[in-house]
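Open the model in your viewer and keep the selection box at hand. The tour goes stop by stop.

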Amino acid sequence: MQLTGDRFTSETAQLGNDISTLPNFPAEIRAPAGTLPGVSSFQVHFADYDILTPGDAPNVLVAMNPAALKANVGDLPPGADIIVNTDEFTKRNLAKVGYAVSPLEDGSLDGFALHPVALTSMTVGALAELGVAKKDAERAKNMFALGLLSWMYSRPFASTIRFLERKFAKRPDLVAANKAAFQAGWNFGETTEDFAVRYEVKPAKMRPGTYRNITGNAALALGLVAAGVRAKLPVFLGAYPITPASDILHELSKHKRFGVTTMQAEDEIAAIGAALGASYGGALGVTTTSGPGVALKGETISLAIALELPLVIVDVQRAGPSTGMPTKTEQADLNMALYGRHGEAPLAVIAPKSPSDCFHAAIEAARIALMYRTPVILLSDNYVANGSEPWLLPDVNDLPDISVAYTTEPNGDDGRFLPYLRDPETMARPWAIPGTPGLEHRIGGLEKADKTGDISYDPANHEFMVRTRAQRIDSIPVPDIEVEDPDENSRVLVLGWGSTYGPIGAACRALRQRGLPIAQAHLRHLAPLPANLGQVLAGFDKVVIPEMNLGQLAHVIRAKYLIDAVPFNQVSGLPFTAATLENMLEDVVKNG
């Protein structure tokens with residue numbers, strides 16, 4: 001189903017529609033087929049105008065078995081189309097999910113436009129003359145469904161045919177089978193009289209340029225490649241595979257020609273140790289993980305803070321605690337990113353707001369890490385990482401120059417090298433590459449003496465170094481937060497961060513269309529916070545903060561600005577729906 005959804009998305013992107021997707025799949029590699037925990041779904045929202053979310057209530061549901069129907073029918077609006085694979089509605093499969101009577105026969109679906117289609121047997125019949133084994137023929141039923149949907153929504157399908165030819169290049173029989181199944185699905189839509197409407201969605205009006213459909217993980221990987229190019233540095237990724245961050249490792253491993261080295265380490269601690277070692281050696285060190293891995297990396301992150309070396313830590317958040325729900329989304333690692341280390345160990349934290357924004361967030365994380373010699377945590381999440389949207393390819397020459405110079409000469413008045421003598425503008429220490437003659441210096445986790453970097457147990461020096469490291473982070477200049485308030489008289493501000501941008505934006509847009517004034521602001525930089533944030537917050541009567549956690553940013557805002565921020569929290573493993581936020585915000589606007 002993930003492959004089918006991805007192909008429909010690619011067809012739609014090729015046509016020029018705006019897109020937002022929500023893949024949703026089990027954590028198990030071999031999830032139990034036909035059961036509710038084993039349901040894999042892929043939701044696609046596309047339009048001829050700018051859209052912000054994968055949509056709240058699908059207009060069409062393709063249910064390949066009773067479990068898929070039962071898991072998703074509650075999301076449908078009245079009158080929605082339901083296409084069911086009747087071949088799978090056997091007594092055994094119905095019993096697996098608790099259906100005593102088939103929902104196709106008991107009248108429970110009378111409020112929908114039901115389309116019973118024998119997907120499996122029709123696919124097997126369409127492939128009979130090709131001599132394909134029955135098992136392989138049955139597997140092609142998703143291509144039959146894709147062909148039917150492609151006809152229903154007038155999608156171009158040449159790219160899907162090319163994809164099948166590439167994917168099964170070594171099995172010409174499977175190429176022929178899948179192409180035939182796809183064509184059979186298209187032909188069924190064309191000839192059946194069961195579908196009263198065929199849709200045509202024109203291209204969206206977008207800025208001129210070249211677009212590609214991209215997921216958040218792919219965009220983040222390409223952003224790291226671009227950061228290396230613009231920094232004129234090799235990129236080293238030390239990573240241990242973990243859902244949902246592994247795709248970044250997979251993507252970066254393809255780009256060796258751009259000076260990218262990837263290492264799949266034996267564990268999370270080894271991964272970040274290698275990345276920090278690469279930074280010490282003069283590369284842009286990166287490590288990718290999810291929540292459990294960040295916990296393991298905590299000590300080495302503290303070491304990077306003490307050493308004051310650049311390091312990018314990508315945390316693709318998932319539902320926790322512990323192993324939690326690996327394939328579901330959450331924003332519950334903010335506290336860990338801000339405070340999850342021993343001692344006073346501040347660092348910079350940023351969060352992308354959408355799949356395509358992951359590209360630019362990666363470059364910004366690298367810029368801050370390199371210029372200010374600090375670890376930076378980049379907080380993505382499963383919703384952003386696996387979701388996709390159109391991405392306008394940037395001109396590489398328009399990307400910021402984030403190059404920094406190594407120190408190559410002694411910097412002390414007496415000709416000595418002082419590894420902790422700071423740049424007066426950035427407060428960053430010199431970056432001296434091992435082996436540079438005359439720049440030998442001590443490293444390690446013990447407290448450093450100011451300027452010389454010698455081991456120091458002096459109380460006054462420790463106080464000075466702790467405060468200096470904190471001041472270096474606090475003084476990083478970040479862009480002011482911008483407020484979207486078309487009415488210019490809103491009294492309620494919705495403040496978000498990370499992947500809540502889309503649902504918040506869609507909810508605010510809907511409220512404004514109904515004449516209710518409401519303002520929206522979104523944080524990319526979470527440490528340090530924008531300098532104007534306090535002034536912005538003070539300008540509204542009410543500040544609402546929706547988060548996929550139990551109020552972590554709200555606690556920070558309350559403590560720092562003494563603002564009575566109203567948290568609105570969800571930890572279901574799914575992103576907010578726009579309708580949920582719209583209903584909540586309407587009540588706040590009307591009733592305060």
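**Stop 1: the cavity**

Select β1 (18-24) and α15 (382-386): each supplies at least two residues of the lining of the largest cavity. β1 gives the largest share of that lining, with four residues. Bear in mind throughout that this is a predicted model.

Now show the residues nearest the centre of the largest cavity: Leu 22, Pro 23, Thr 327, Asn 382 and Tyr 383. In total, 14 residues line the largest cavity. Colour them by type and you get five nonpolar, eight polar and one charged. The volume of the largest cavity is about 80 Å³. The structure holds one cavity of 30 Å³ or more.

**Stop 2: the second largest pocket**

Keep β1 selected. Add α1 (2-15), β6 (211-215), α9 (216-231) and α10 (246-252). β1 and these four each supply at least two residues of the lining of the second largest pocket. Which helix gives the largest share of this lining? That is α1, with six residues.

Next, pick Gln 2, Asp 6, Thr 215, Asp 247 and Asn 386, which lie nearest the centre of the second largest pocket. The full lining has 32 residues. They divide into 12 nonpolar, 13 polar and seven charged. The volume of the second largest pocket is about 1000 Å³.

**Stop 3: a three-stranded sheet**

Hide the pocket residues and look for an open sheet of three strands, in the order β3-β4-β5, with parallel pairing. Its edge strands are β3 (60-63) and β5 (113-117), and each pairs on one side only. On average, neighbouring strands of this sheet are turned by 15° against each other, direction ignored.

Zoom in on β3 and β4 (residues 81-85). Four bridges join these two parallel strands. To see one bridge pair, select Val 62 and its partner in β4, Ile 83. Then add helix α6 (residues 141-152), which packs on the sheet and touches β3, β4 and β5. The direction of α6 makes about 155° with that of β4.

**Stop 4: Ala 337**

Go to helix α13 (residues 334-339) and centre on Ala 337. Is Ala 337 buried or exposed? Its relative accessibility is 2%, so it counts as buried, the cut-off being under 20%. Show its contacts beyond four places in sequence: Ala 337 touches Leu 347, Val 349, Ile 377 and Leu 379.

For a distance check, draw a line from the C-alpha of Ala 337 to that of Leu 222. They are 23 Å apart in space and 115 residues apart in sequence.

**Stop 5: two cis peptide bonds**

Select Thr 243 and Pro 244. The peptide bond between them is cis, with omega near 5°. Pro 244 sits in the loop between β7 (235-239) and α10.

Jump to Ala 527 and Pro 528, whose peptide bond is also cis, with omega near -5°. Here the loop holding Pro 528 runs between β17 (525-527) and α18 (533-538).

**Stop 6: two positive phi values**

Select Ser 322, in the loop between β10 (311-317) and α13. Its phi is positive, about 55°, although Ser 322 is not a glycine. With a relative accessible area of 63%, Ser 322 is exposed.

End on Met 427, in the loop between β13 (388-392) and α16 (459-474). Phi of Met 427 is also positive, near 65°, in a residue other than glycine. Met 427 is buried, with a relative accessible area of 14%.

Terms used: Residues are numbered from 1 along each chain as its sequence is written. This is a predicted model: local features need pLDDT of at least 70, side-chain atom pairs count only at pLDDT 80 or more; totals for chains, interfaces and linings use all residues. Side-chain values use heavy atoms; hydrogens and water are left out. On a 1 Å grid over the protein atoms alone, a cavity is a set of points where a 1.4 Å probe fits but cannot get out, and a pocket is an open set with protein on both sides within 12 Å along at least five of seven lines; lining residues have an atom within 4 Å of a point. Grid points are joined across faces, edges and corners, and a volume is the space filled by probe spheres set on the points. Ala, Val, Leu, Ile, Met, Phe, Trp, Tyr, Cys and Pro count as nonpolar, Asp, Glu, Lys and Arg as charged, and the others, Gly among them, as polar. Two strands pair if DSSP finds at least two bridges between them. Axes are lines fitted to C-alpha atoms, for helices over the stretch in contact, and angles run from 0 to 180 degrees between N-to-C directions. Contact means heavy atoms within 4.5 Å. Buried means under 20% relative accessible area, exposed over 50%, partly exposed in between (1.4 Å probe, protein chains only).
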